[in-house]
Amino acid sequence: MEAGVPTAVTRPGRDRGDFTASQLRAGMDGLWSEESEAEQDAGGTIVTRDTTPGQDSVPQPGRQLLSADLRLLLDTSGYDRKQVRVEANKLLAEWDVRQLSDPRVSERFGGEPGTNFLQLWALVGVMLVKRGDLTLDQVHALRRGKRSCVPGVPERLYDYWHLTWKLACADPGPAPDPRLADYLSAAGRVAETHPCPHMFKAAHSAPTDAYVPQQVVVSSAPGAEGAQDTRLPATDVFAAPMALSLLTAGPGGGKSTLLRVYTADAAAYMADRANRRRDGTVPVLVRATRLSPDVPLADALAAAVDDALSPRLSPGKLTADFFRKPPYPKGKWLVLVDGLDEIPEPAARKALLHSLDEAAAEGTHRFLVTTRPLRPDELDDSGVRPAWYELLPFTPEDLRRYVRVRFAHRSEPEADAARFAMLMADQRLEELARSPLMAAMLCDLYLNKPGESLPTQRTAVYEAYVARIERENQHKEIKETHRQAIDALVRPYQRVPDVEAVTAAAVRARDALPEIVAHVAHRLLFSDDATVDEALAGHEHGRPPEPVSDDATWTGFLTELLLPTGLLTRQGDELIFPHRTFMEYHAALHVTRNARDRTAVVRSLLDGRWIRPYGWPFVRPVWSLSVAELSLSGLLGSGITPWLTRADMSYVGFVLDQAASSGTDLERRLRRIARKGGAEGGTFVALQAALGTKAAVPLAGFALDTLVDAALGSRRVPGEQRVLAAETLARLGDERGLAALTALVAHPERLDTIDPLHLQPQDDAMPSPEPDASFACLLTRRDTLRKLAAVTRDPTLDAAVREEAGRVRQAFGLLVGMTPADGPAGPPEEASR
């Protein structure tokens with residue numbers, strides 16, 4: 001026998017007996033066909049002998065032997081693998097042993113022995129019973145160690161398979177792909193390099209340098225009734241038990257940084273083969289926009305990772321087969337999908353989630369997907385049920401720790417930290433700075449001009465930050481860099497007309513760079529363009545002049561112009577914005593660049609959302625987050641979608657601030673929305689005020705009064721709107737939100753008010769069409785149940801709020817005779833309103 005391989009078998013309940021492998025194999029009593037005989041050579045090594053003339057016997061490693069024996073037994077049993085798994089799991093359930101999943105059965109037939117012999121014995125036993133070699137009672141008796149009851153052939157069969165399992169366990173198995181070490185080295189080094197180095201001083205160029213750990217709150221699985229408020233270290237999400245997990249946080253909440261820090265740490269840890277545990281994971285960081293349900297996962301990962309790691313790894317080294325199989329035996333890939341919300345279309349996001357869920361079921365990959373908060377019905381419609389986590393913002397102590405780290409290199413770090421805290425308090429920026437990105441930007445602005453006042457609100461911070469980048473460009477001699485790029489572009493042309501045409505086009509593009517950046521940002525947010533290169537092609541200066549016949553040459557030139565500005569950065573071979581909020585800021589500049597565009601976007605956002613329900617003028621107008629009046633500007637792509645969600649609030653805030661700074665009167669419009677727009681209008685203004693939108697902050701009191709009236713007042717309000725008002729109050733930390741839900745538990749009938757938007761005539765062609773009140777009532781009740789379900793499972797709300805919403809949902813369902821499952825089951829076009 002080979003070293004380390006047992007030559008004897010311990011028989012449960014009896015003394016040790018020495019059985020050679022050939023003796024045990026002989027005990028198979030005719031199982032082995034003439035085509036696959038086995039014997040033991042002089043050295044004791046188990047070998048197989050193929051009957052092909054002239055072919056010598058070849059030693060068979062333990063795992064290969066196990067695989068060959070199982071496959072042969074399957075072929076002669078008359079079962080297929082699915083049948084074997086079903087029957088074996090029946091035995092394992094009786095034995096109180098963990099049952100086998102389909103991937104685990106595939107592993108066994110592939111030669112992976114597993115750590116529990118009883119799982120293998122269950123597979124073997126059901127096939128031997130099917131063949132007639134054993135009875136089911138004998139399989140049970142051997143499992144319990146009652147060997148005296150089944151002497152002879154059954155005992156030798158058991159001993160043979162136990163020895164084969166031990167041989168397979170002693171076999172070291174296949175080695176990991178030799179490319180894994182290079183991949184881990186490159187992935188770790190790239191993750192340690194900050195994607196936006198201009199955002200930090202040289203002393204803090206890596207995400208890990210100033211990283212302050214955050215926490216996550218764990219939500220119940222979507223659809224579950226109970227709510228949890230379990231707070232864990234954010235790094236625990238990487239060990240989530242489910243194969244697909246969702247991590248949500250608001251803009252600048254630290255999602256991307258968390259993924260990069262983990263990738264850097266995990267890559268360094270896994271580089272040591274001793275740390276590659278059973279069922280361990282190897283991280284793969286990829287942007288969501290680089291994945292597609294129409295492209296096989298392994299192919300998409302290979303292309304995206306090859307591009308992202310190109311500074312550190314030879315192009316083409318990581319092919320699809322590298323990601324198609326486990327990174328090492330029993331290991332898995334942990335695919336970190338960053339920025340699901342950056343995919344513009346909800347249908348495309350749902351399709352990608354569904355494809356990831358299907359890939360996770362195959363067992364080789366696990367997934368953690370980051371996103372801003374999505375509409376709950378996106379998950380409902382996709383059929384995906386991931387684990388759900390919310391990344392919490394900085395606590396006051398977290399913020400103090402972060403500031404101390406950022407100021408550690410200063411000559412008087414404590415004094416600077418105290419002065420910075422005082423400036424934030426003066427400008428009331430403490431709540432805004434709980435966002436890690438905002439904290440980073442404020443620290444950077446302070447370090448750039450220590451002691452000077454900080455900007456007063458969010459958009460002003462971004463304006464100051466972009467201005468700081470532009471000032472630094474003057475020291476980088478950006479004009480000279482641009483001149484050299486133009487000279488390099490023109491150099492190949494000799495004819496004077498060509499030189500003049502190319503030079504003129506290049507100068508126009510250089511002078512229009514701010515406009516080009518804003519155009520690209522808007523296209524990436526609201527069109528099908530997936531990359532900056534694609535978005536550039538849609539701009540008038542993004543198309544090459546006639547003498548330049550190669551589009552790639554012109555795009556490369558524009559890239560050389562854009563990179564030194566610091567407004568975009570390079571990731572692999574691709575230009576990206578430093579953060580999605582920077583993209584939103586520049587996109588807002590694009591839609592407010594002139595008076596006509598500002599008028600159109602404000603109409604789409606504010607004025608066009610007043611709706612006249614059926615029965616007007618006897619029923620007052622309603623302001624809606626979910627319905628916008630169609631206009632020519634909307635059809636031409638103003639960038640405003642009919643449904644406004646919390647994920648859209650960041651972009652909308654930038655738009656409103658830019659419009660107000662250009663002289664657009666927003667105070668009157670927002671005041672009307674806050675006071676007369678009902679629950680949705682109050683929610684909109686209140687969330688904008690919380691975000692720091694300048695025009696909305698003074699009107700927060702009006703918005704809160706409207707929300708309190710809708711949640712707790714005696715006026716008849718549709719159930720969905722009443723729940724929305726309570727939810728928004730709770731989200732803003734107002735205890736009246738929870739009080740409203742508690743009151744609804746006792747009086748669920750207050751939710752049973754028909755939504756006037758559902759009271760529409762059934763047929764406009766009728767002379768006097770009358771609305772169908774019974775159908776409107778059904779739709780309204782389903783809307784209410786759907787909204788309560790969404791609140792119940794929203795991880796961004798406190799556990800007490802989610803629990804109370806669950807109680808309201810149950811009470812209302814009993815009142816109207818509808819089960820909770822009836823809520824989301826309504827007509828999609830109505831129920832998702």
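1. A salt bridge here is a side-chain nitrogen of Lys or Arg within 4 Å of a carboxyl oxygen of Asp or Glu. D734 and R736 form such a pair, with their closest N and O atoms 2.7 Å apart. The two partners are not covered alike: D734 is buried at a relative accessible area of 16%, while R736 is partly exposed at 34%. Elsewhere, D177, R179, D321 and K325 are joined into one network by salt bridges that share partners.

2. The model is a predicted one, and the points in this note should be read with that in mind. The protein has 833 residues, of which 52% count as buried. Its secondary structure consists of 34 helices and 14 strands. The accessible surface is about 36700 Å², and carbon and sulfur atoms account for 51% of that area. Of the contacts between residues at least 6 apart in sequence, 69% are between residues at least 24 apart.

3. Over the whole structure, a search gives 38 salt bridges. One of them links the side chains of R580 and D341, at 3.3 Å from N to O. R580 belongs to helix α23 (residues 580-591) and D341 to the loop between β8 (332-338) and α12 (346-361), so this pair ties together parts that lie 239 residues apart in sequence. Both R580 and D341 are buried.

4. A further salt bridge joins the side chains of R495 and D498, with an N to O distance of 3.0 Å. As general background, side chains of opposite charge can pair when their charged atoms come close.

5. On the surface, R620, R672, R675 and K676 make up a positive patch. R672 sits in helix α27, which spans residues 667-676. With a relative accessible area of 42%, R672 is partly exposed. A patch residue must have over 30% relative accessible area and no salt bridge, and the 42% of R672 is in keeping with the first of these conditions.

6. G681 is in helix α28 (residues 678-691). Is G681 buried or exposed? G681 is buried, at 0% relative accessible area. Apart from its neighbours within four places in sequence, G681 has contacts with W623 and I673. The C-alpha atoms of G681 and R671 are 9.7 Å apart in space, and the two residues are separated by 10 positions in sequence.

7. Helix α6 covers residues 136-143, and its buried residues are V139, H140, A141 and L142. Which helices do these residues pack against? The buried residues of α6 pack against α3 (81-95), α5 (117-131) and α7 (153-170).

8. Two loop residues deserve a look at their backbone angles. D96 has a phi near 60 degrees, a positive value in a residue other than glycine. D96 lies in the loop between α3 and α4 (102-109), and is exposed with a relative accessible area of 74%. R428 has a phi near 55 degrees, again positive in a residue other than glycine. The loop that holds R428 runs between α15 (413-426) and α16 (436-448). At 75% relative accessibility, R428 is likewise exposed.

Conventions: Residues are numbered from 1 along each chain as its sequence is written. This is a predicted model: local features need pLDDT of at least 70, side-chain atom pairs count only at pLDDT 80 or more; totals for chains, interfaces and linings use all residues. Side-chain values use heavy atoms; hydrogens and water are left out. Helices (H or I, at least four residues) and strands (E, at least two) are DSSP runs, numbered from the N terminus. Buried means under 20% relative accessible area, exposed over 50%, partly exposed in between (1.4 Å probe, protein chains only). Contact means heavy atoms within 4.5 Å. Accessible areas come from the Shrake-Rupley method with a 1.4 Å probe; for residues, only the protein chains shown count as cover. Patches are made of residues with over 30% relative accessible area and no salt bridge: like charges are joined within 9 Å, nonpolar side chains (Val, Leu, Ile, Met, Phe, Trp, Tyr) within 5 Å. Lys and Arg count as positive and Asp and Glu as negative; His and the chain ends are not counted. The place of a charge is taken as NZ of Lys, CZ of Arg, CG of Asp or CD of Glu.
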